[in-house]
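Please explain this structure to a reader who is meeting it here. The account should follow charged pairs, a pocket and a surface patch.

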Amino acid sequence: MKKRLTTLLLAAGLILGVASSAEAIEFKAKGIWISMFEYGGGGNFVKEDRQGRNVTGWGRWGEDEFEAKTRVRLQLDAVASENLSGTVYFEMGAFAWGRASKGGALGGDGTIVKIKSAYMDWAIPGTKIKTRMGLQRIHLPDYSSEASQVFDGDVTGVSVNVPINDNFGLTAFWARPFNDNFEGATDRPANYLDNVDLFALTVPMTFEGARITPWAMLGIVGENAFRSSGTTGTYYGAGYGGGLSPAAYRLDGRENALSFGTAFWAGITGEVTAADPFRLAWTFNYGSFETGEKCLNKRGWHASLLAEYKLDWGTPGIYGWYSSGDDGNIRNGSERMPSLDYNNESTSGFSGFGQLGTWTIGRDAVLGYTFAGTWGIGARLKDISLLEKLKTTLRVNIYNGTNDAAMARHIKSGAAGVEVPGATCNGYTPDFYSANPNGIYLTEKDYAMEIGMMTTYQIYENLRLLVEANYIALWLDQSSDVWGGFRNAKGQWVGANSVEDCWNVNVSFIYRF
C-alpha cells in the first residue's frame, strides 16, 4: 500500500510539473492585415508587339489595370524564456478580389494559408551564443540601399550569432534553399544531385559613430538543382534562384549543358554617423558562378553610395549605384553579378517602383528585382513631416544600362545560332519587355527615369493609410542594331515594339498589432 501511495504521489508530482511547465510558456501573437486597391498602365512597357498585336492588361504578371488585393500574416511565438522560444509565421494571400484560385471569389474557401516561417531559437547554455533552426528569413546586409542585391529570402537552415565583445560579432549560417525537387529523367533518377547549399559568414563591427560589416557566402549547386524534370526541362522555383540558374544558351546545336556549379559572393557595407545628422553609407558586392561550361558562367559586381542629412522636417539625400553588365560576347557567360534570391522582405531605399520598393502587396520591381546590369543616380526627400501623423517620401531616379548594346541583337533575334529561351544564363526572355523575374534588360544605349511619391497617415495607433504614386519613363534605342526592327533568318522584316511609359497608383490600409 505504501509503495502504491508513493507511486501515486510521484505520478501526481510529474503531472503537476508538466502543468507548471506548460503554464510557464508565454504565447505572444502579432500580425498584419493589408487591403490594397491599385490602378496602373503600361506595366509591360509595350503597346503593340513586333507582330503589331495589341498588348493587353497591366502587363508583367498578367494583372488587370485595376485590382483589389488582401494579405494577412499572423505570427505566434511560444516563449519559454529569454534562452528558448519557437515561432510559426502564417501567411494568407495575397489574393486578388474575385479570383477563385486564391479564395477571392464568391464563397471564398480557397486553400491560401501558407507557412512563411517556422523556427526555434535557443541559446547555448552558459553563453550568449544564439542559434536559430528551421524555416526563417536570412538576408545579407546592405546599409546604403537597405536591400540585399544577393540574398534575402525565407529559407530552411541554421543561423548562429556569436557576440565577441561590444564592437565585434560573428554571424554564420548554413541554408538549403533547394533539394529533392528534380523529378528525374531517362538518364538519371529523381532527386539526383539537385541540392543547393549555402555557407556564409558575416562580421558586424560597431564603433562610436560608425559600423561596418564584411561578409562572404559560398554556394554549392547540384547539376539538377533548378530542373523539375527531363534533361532540358523546366526550371524549379521560377524567380527563386532565377539569377543563378544554369539555364542555357544552345551553341552550335548543342543541348543545354548539365553542370555542377560553385557560387561565391563577398561584400562589405558600412555607414558613418559620427557627423550626425549627416550620414554616409556604402556597399560593395562581388559574385561569381562557375559551372565548368564557359557560356553558363557568371561574374560581376555592384556598388552603391548614399549621403543624407536629417532635418527636423525630413531627410534629403542623394545616392548612386553601378553594376557591371554583359560585354556582348554570348559565348563567355555573363558579366552581370549573379544573385540567388532577391530583396524578399527588405525594401529598396533607392526605388519605390522600379525595384522592390514597398513591403505592401503593390506592384513594383518593374525594372528588375536587382540593379544588375544598370547604373544610376537619384535624389530623395525622406519622411517629410509637416503635419502630425503624416509622412511623405519623394524620389527621382535616372537609370542607364551597362550591358553592351550588341546583346540586344542576340536577345531579340536569336542571331548567330544562339537560342535565348524563357530562362537563360543572363536571366532575360526573348525580348526586353516579357514577363520576367529579372526585369527589363537595359543596354548602354537605353535609359529610364523613375518618379515616385509615398505618403502614410496614421489613422489610429495600429492602423495606417498608405498612398503611393509612381511613374517610369523608358527610352530604348530603336535602331535596327539594338531594339528596333530586324530581318529574321528567312530574310523577313520584323517590326519594332511600340514602347510606352509605365505608371501605377495604390491605396493600402495597413493594420498592425
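**Charged pairs, a pocket and a patch**

Asp121 is buried, because its relative accessible area is 17%, below the 20% limit for that class. The model under discussion is a predicted one. The side chain of Asp121 meets that of Arg132 in a salt bridge, at 2.6 Å from N to O. This pair links distant parts of the chain, with Asp121 in strand β4 (residues 113-123) and Arg132 in strand β5, 11 residues apart. Arg132, at 28% relative accessible area, is partly exposed.

Side chains of opposite charge can pair when their charged atoms come close. Across the whole structure, a search finds 16 salt bridges. In one of them, Glu38 joins Lys69, with 3.4 Å between the closest N and O atoms. Glu38 belongs to strand β1 (residues 26-41) and Lys69 to strand β2 (residues 66-81), so this pair ties together parts that are 31 residues apart in sequence. Glu38 and Lys69 are both buried, and a network of salt bridges links them with Glu67, Arg99 and Arg363.

Strand β5 also takes part in the second largest pocket, giving the most to its lining, with seven residues. This pocket has a volume of about 600 Å³. Of its 25 lining residues, Arg137, Ile138, His139, Thr171 and Thr202 are the closest to the centre. The lining comprises eight nonpolar, 10 polar and seven charged residues.

On the surface, Tyr39, Phe66, Val396, Ile451, Tyr471, Trp503 and Val505 make a nonpolar patch of about 600 Å². Val396, one of these residues, lies in strand β16 (residues 390-401) and counts as partly exposed at 34% relative accessibility.

Conventions. Residues are numbered from 1 along each chain as its sequence is written. This is a predicted model: local features need pLDDT of at least 70, side-chain atom pairs count only at pLDDT 80 or more; totals for chains, interfaces and linings use all residues. Side-chain values use heavy atoms; hydrogens and water are left out. Patches are made of residues with over 30% relative accessible area and no salt bridge: like charges are joined within 9 Å, nonpolar side chains (Val, Leu, Ile, Met, Phe, Trp, Tyr) within 5 Å. Accessible areas come from the Shrake-Rupley method with a 1.4 Å probe; for residues, only the protein chains shown count as cover. A salt bridge is a side-chain nitrogen of Lys or Arg within 4 Å of a carboxyl oxygen of Asp or Glu. Helices (H or I, at least four residues) and strands (E, at least two) are DSSP runs, numbered from the N terminus. Buried means under 20% relative accessible area, exposed over 50%, partly exposed in between (1.4 Å probe, protein chains only). On a 1 Å grid over the protein atoms alone, a cavity is a set of points where a 1.4 Å probe fits but cannot get out, and a pocket is an open set with protein on both sides within 12 Å along at least five of seven lines; lining residues have an atom within 4 Å of a point. Grid points are joined across faces, edges and corners, and a volume is the space filled by probe spheres set on the points. Ala, Val, Leu, Ile, Met, Phe, Trp, Tyr, Cys and Pro count as nonpolar, Asp, Glu, Lys and Arg as charged, and the others, Gly among them, as polar.
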